Structure formats: structure tokens, C-alpha cells
Amino acid sequence: MSSLPILYTPDRDIEFDLGSARLRRYRDGDQPSLMRHADDEGVARWLRDGFPHPYTAADADSWVEHASTALAGYVFAIDVGGAVVGSVGLTPGSDVFAWSSEIGYWLGRDLWGRGLAPRALAALTDHALRNMGYLRLFAGVFAGNERSARVLAKCGYHLESVRHAAVVKRGTVYDEAVWVRLAADHPAVLGRASWSAQGSGNEG
Ligand SMILES: CC(C)(COP(=O)(O)OP(=O)(O)OC[C@H]1O[C@@H](n2cnc3c(N)ncnc32)[C@H](O)[C@@H]1OP(=O)(O)O)[C@@H](O)C(=O)NCCC(=O)NCCS
């Protein structure tokens, strides 16, 4: 019999209060502020090519449409005073990786250095491990992105491995550092977890 945690479909309208900011569902009207902060090579260079550069009005439209519907509860706008200044979100795995999720984030350059991304990442990490049932969250950091590595370290992630020459971005080859946070290490999950890394789930 499996003793794995149940994977919950999250509340699509859940919000997180970060003090000077909040995480909330995307909505129509977010396009101008999203575009203003996302249209920046200094942001895009550290993200996958799926994050467009230049970031056009059409890109903002299609992201807001997708994030406010199919991705609601997994992807959140980082909202400061009603404006979208960044994003944080989960991309759950499938098949045998269904209890793992990638976690990603970016922030408009005007807001860097204030500890905002760590607060957003910490809130979603806590929610995903404590309430959603994930066993493992991970983020892939391109070599040289020291800011992001620092954010992950501050949020309790550890460097698990380096995937050499895994990334080619704008014609340059990068190693990718894989940073991980496990539910097994989460203080709130620790006590109630009946599974273990060996032999959790169905063995038959
Ligand atoms: C990574 C990012 C989200 C950081 O957001 P932020 O809110 O500015 O994060 P912080 O305020 O915690 O500042 C970054 C930390 O890195 C440190 N840092 C900055 N430059 C650094 C460098 N060159 N080397 C080492 N540490 C550095 C800062 O000192 C700070 O740490 P501290 O609080 O211990 O002093 C933001 O820079 C961003 O959106 N970058 C582009 C997209 C991206 O990289 N996303 C993540 C992909 S894995």
C-alpha cells in the first residue's frame, strides 16, 4: 500500500502576503506592467528561451491568458502596489516525476536587491511542500547566475548536482546547477511523513 502524500490541486485564487508585495493570480490588465518588467535582456538571459526577448504586447497577452487560467494556483504574479513586477511558479513533473516540481522565478531589475524574490520563493516553497504534497522542488541555475544561487541558498535549497554543458543560451554553453529542497527536510512535513526515500510507494 502506498504511503505517499496526496498531490492536491491548489486553490486557484490563493494569495500570499509578502509584506510590501503579494503573490496572486494573474488577471487581465496585468499586461502593461508585466511587459515593462519582463522586457529586459538582463532578466531573459538567465531564463529559458520560452521567456521571450524582446517581450512584446502579444507575449504579455498570451502569458496572462495562460497564467490566469490553466496555470492558476501554480503560477503567481509578484504584485507591488497593483503592478506585476515578476513571477514565481511551479512546473510539476509527470509520470514517475509527478511528486517533483520545478520552481522558477524572475523579478524586474528595478526591484533587485531588496530580498523580494527570496520572500516570493520561500512562500511558494512552503506552500508546495506543506500543502500541495510535493516531495521535491528543484531549480536549474545557469553557471554565473550568482544572484539566483544566493536566493535559493537563502530559501533552504541545497546544491545537488551540476549538469555540465547542459544549457546553450544565445550560442553560449553553460553548466547548470541543480538546487533542491526536499519535503523530508521541511520541519512541518517531517513529523507526519510516513514515507521514506527508500521503498516509498508501491513496490509490487
Ligand atoms: C535572481 C533574482 C530573482 C534575485 O532577486 P532579488 O530579489 O534581487 O534577490 P535578493 O534581494 O536576495 O538579492 C540577491 C542576493 O544575491 C547577492 N548577490 C548579488 N550579486 C551577486 C554576485 N555577483 N555574487 C554573489 N552574490 C550576489 C546579493 O548580495 C543578495 O544576497 P544577500 O541578501 O545575502 O546580500 C533576480 O536577480 C532576477 O530576476 N534575475 C533574472 C532572472 C533569474 O535569474 N531567475 C532565476 C533563474 S534560476
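This is a chat about one helix, its core residues and the sheet beside them.

Visitor: What kind of model is this, and how are residues numbered?
Guide: It is a predicted model, in which local features need pLDDT of at least 70, side-chain atom pairs count only at pLDDT 80 or more, and totals for chains, interfaces and linings use all residues. Residues are numbered from 1 along each chain as its sequence is written.

Visitor: Where does Ala 117 lie?
Guide: Ala 117 belongs to helix H4, residues 116-130, where helices (H or I, at least four residues) and strands (E, at least two) are DSSP runs numbered from the N terminus.

Visitor: Buried or exposed?
Guide: Ala 117 is buried because 24 other C-beta atoms lie within 10 Å; the term buried asks for 20 or more such atoms within 10 Å, with C-beta atoms placed from the backbone.

Visitor: What is Ala 117 in contact with, further along the chain?
Guide: Leaving aside neighbours within four places in sequence, Ala 117 is in contact with Tyr 105, Leu 107 and Val 151, contact meaning C-beta atoms within 7 Å. The C-alpha atoms of Ala 117 and Val 151 are separated by 7.1 Å, although the two residues are 34 apart along the chain.

Visitor: New topic: what order do the strands of the sheet take?
Guide: Eight strands form an open sheet with mixed pairing, in the order S1-S2-S3-S4-S5-S6-S8-S7, and two strands pair if DSSP finds at least two bridges between them.

Visitor: Why is one side of S1 left without a neighbour?
Guide: Strand S1 (16-17) stands at an edge of the sheet, as does strand S7 (158-169), and each has a single partner strand, so one side of each has no neighbour there. S1 runs antiparallel to strand S2 (residues 22-24), and two bridges join them.

Note on methods. A residue is buried if 20 or more other C-beta atoms lie within 10 Å of its own, exposed if 12 or fewer, and partly exposed in between; C-beta atoms are placed from the backbone. Two residues are in contact if their C-beta atoms, placed from the backbone, lie within 7 Å.
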